[in-house]
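Thanks for making the time. I have one structure to go through this morning, so please have a look at the screen.

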Amino acid sequence: APATAPTPARTPMREYARTPAYGDGIGSVTPLRDDGAGGRTPLRDSAWNPATPHHDGGVGGGGWDDDAPSTASAPAPSSDPDAGYAGVFVTKAVVSLPDGRQGVVRARKNGAVVVAIGTTKTLPNGVVTLDALTSASAMETVPESVLTLAPAQKKDNVVVVTSGEEQPRGATAVVISVDEGECVMKMDGTKEAAMMPATAIARVWVE
């Protein structure tokens, strides 16, 4: 029988992941062309390939793929418990109940406020103020409509809870003095003194 010509050995293909786009990086398989001598050599990256997704950047280009799924992540939820709330009973504000007790706002839901009830003391000027909270403090849910802000006193930490004032809503400060419904404060942000109506600020309970 006539001798059969030996078949050229083929090197096994390396096991790389196939990707729809082509390039010269490790892990991609570049389209091949026949070099006419039995071998197969890589096509140039600029060659057009009908199986390659369209890129606006042009042939072989790295442009934006209009059909590629978006990889943008959704915005993280806000960690501010008062985000979107426009009222005055912000979280950690000290409030007075109709019966004279005082407490700290812990949460709000559907027009009701969850208040941690604390103990009070009477100052030399006759003003009753919140003195202490404990881990065993009772929690009460009361309608927002029956609450009032407890009056801030000298050295209290406060936050602006109204808009349209000299200081923006959310600005924090320490009370320097209180006189006839007006509070003089040292603003935390600017370190400057400012005067505002007592009704525009809430005492903030510092844990």
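I will start with the chain as a whole, then take the sheet, the cores and a few single residues.

A word on the source: what you see is a predicted model. The chain has 14 strands and 0 helices. Of its 207 residues, 26% count as buried. The accessible surface is about 13900 Å², and carbon and sulfur atoms account for 56% of that. As for contacts, take those between residues at least 6 apart in sequence: 42% of them join residues at least 24 apart.

Now the sheet. There is an open sheet of 5 strands, in the order 8-5-4-3-9, with antiparallel pairing. Which strands stand at the edges? They are strand 8, residues 139-143, and strand 9, residues 148-149. Each has a single partner strand, so one side of each is left without a neighbour in the sheet.

Moving inward, strand 3, residues 94-96, runs antiparallel to strand 4, residues 102-109, and 3 bridges join them. Val94 has Val104 in strand 4 as its bridge partner. The hairpin these two strands make has 5 residues between the strands, and Gly100 in that hairpin takes a positive phi near 95 degrees.

On to the next pair. Strand 4 and strand 5 are also paired in the antiparallel sense, over 6 bridges. Two of the opposite positions are worth marking on your copy. Val105 stands opposite Val115 in strand 5, and Arg108 stands opposite Val113 in strand 5. The hairpin of strand 4 and strand 5 has 2 residues between them, and Asn110 in the turn has a positive phi of about 55 degrees.

Let me stay with Val105 for a moment. Val105 lies in strand 4. Is Val105 buried or exposed? The relative accessibility of Val105 is 0%, so Val105 counts as buried. Leaving out residues up to four places away in sequence, Val105 touches Phe89, Val90, Thr91, Lys92, Ala93, Val95, Val113 and Val114. Ala116 is 11 residues from Val105 along the chain, and their C-alpha atoms are separated by 6.6 Å.

That leads to the cores. The largest nonpolar core has 15 residues. Which of them touch the most other members? Those are Phe89, Val90, Val95, Leu97, Val105, Val115 and Leu147. Strand 5, residues 112-117, contributes the largest share of this core, with 3 residues. There is also a second, separate core of 13 residues, which includes Val158, Ala171, Ala173 and Val175.

Back to one member of the larger core, Val90. Among the residues Val90 touches, again not counting those up to four places away in sequence, are Asp82, Tyr85, Arg108 and Arg169. Val105, Val159 and Val161 are also touched by Val90.

Next, the strands around residue 158. Strand 10, residues 157-160, is joined by 3 bridges to strand 11, residues 172-179, and the two run antiparallel. Here Val158 stands opposite Ala173 in strand 11. Both of these residues belong to the second core. Strand 10 also pairs with strand 14 in the antiparallel sense, over 3 bridges, and Val160 stands opposite Ile201 in strand 14.

Strand 14 covers residues 201-203, and Arg203 lies in it. With 10% relative accessibility, Arg203 counts as buried, because the cut-off is under 20%. What does the side chain of Arg203 make a polar contact with? The partner is the side chain of Thr129, at 2.8 Å. Beyond its neighbours within four places in sequence, Arg203 is in contact with several residues, including Lys92, Val94, Leu130, Ala150, Asp156 and Val158.

The last residue is Gln153, in the loop between strand 9 and strand 10. Gln153 is buried, with a relative accessible area of 12%. The side chain of Gln153 makes a polar contact with the side chain of Asn125, at 3.2 Å. Not counting residues up to four places away in sequence, Gln153 touches Leu123, Asn125, Val127, Val175 and Val178. Of these, Val175 is one of the residues in the second core.

That is what I had for today.

Definitions and conventions:
Residues are numbered from 1 along each chain as its sequence is written. This is a predicted model: local features need pLDDT of at least 70, side-chain atom pairs count only at pLDDT 80 or more; totals for chains, interfaces and linings use all residues. Side-chain values use heavy atoms; hydrogens and water are left out. A nonpolar core is a set of buried Ala, Val, Leu, Ile, Met, Phe, Trp, Tyr and Cys residues joined through side-chain atoms within 4.5 Å. Buried means under 20% relative accessible area, exposed over 50%, partly exposed in between (1.4 Å probe, protein chains only). Helices (H or I, at least four residues) and strands (E, at least two) are DSSP runs, numbered from the N terminus. Contact means heavy atoms within 4.5 Å. Two strands pair if DSSP finds at least two bridges between them. A polar contact is a pair of N or O atoms within 3.5 Å; within protein, one must be able to donate a hydrogen and the other to accept it, and residues adjacent in sequence count only if both atoms are side-chain atoms. Accessible areas come from the Shrake-Rupley method with a 1.4 Å probe; for residues, only the protein chains shown count as cover.
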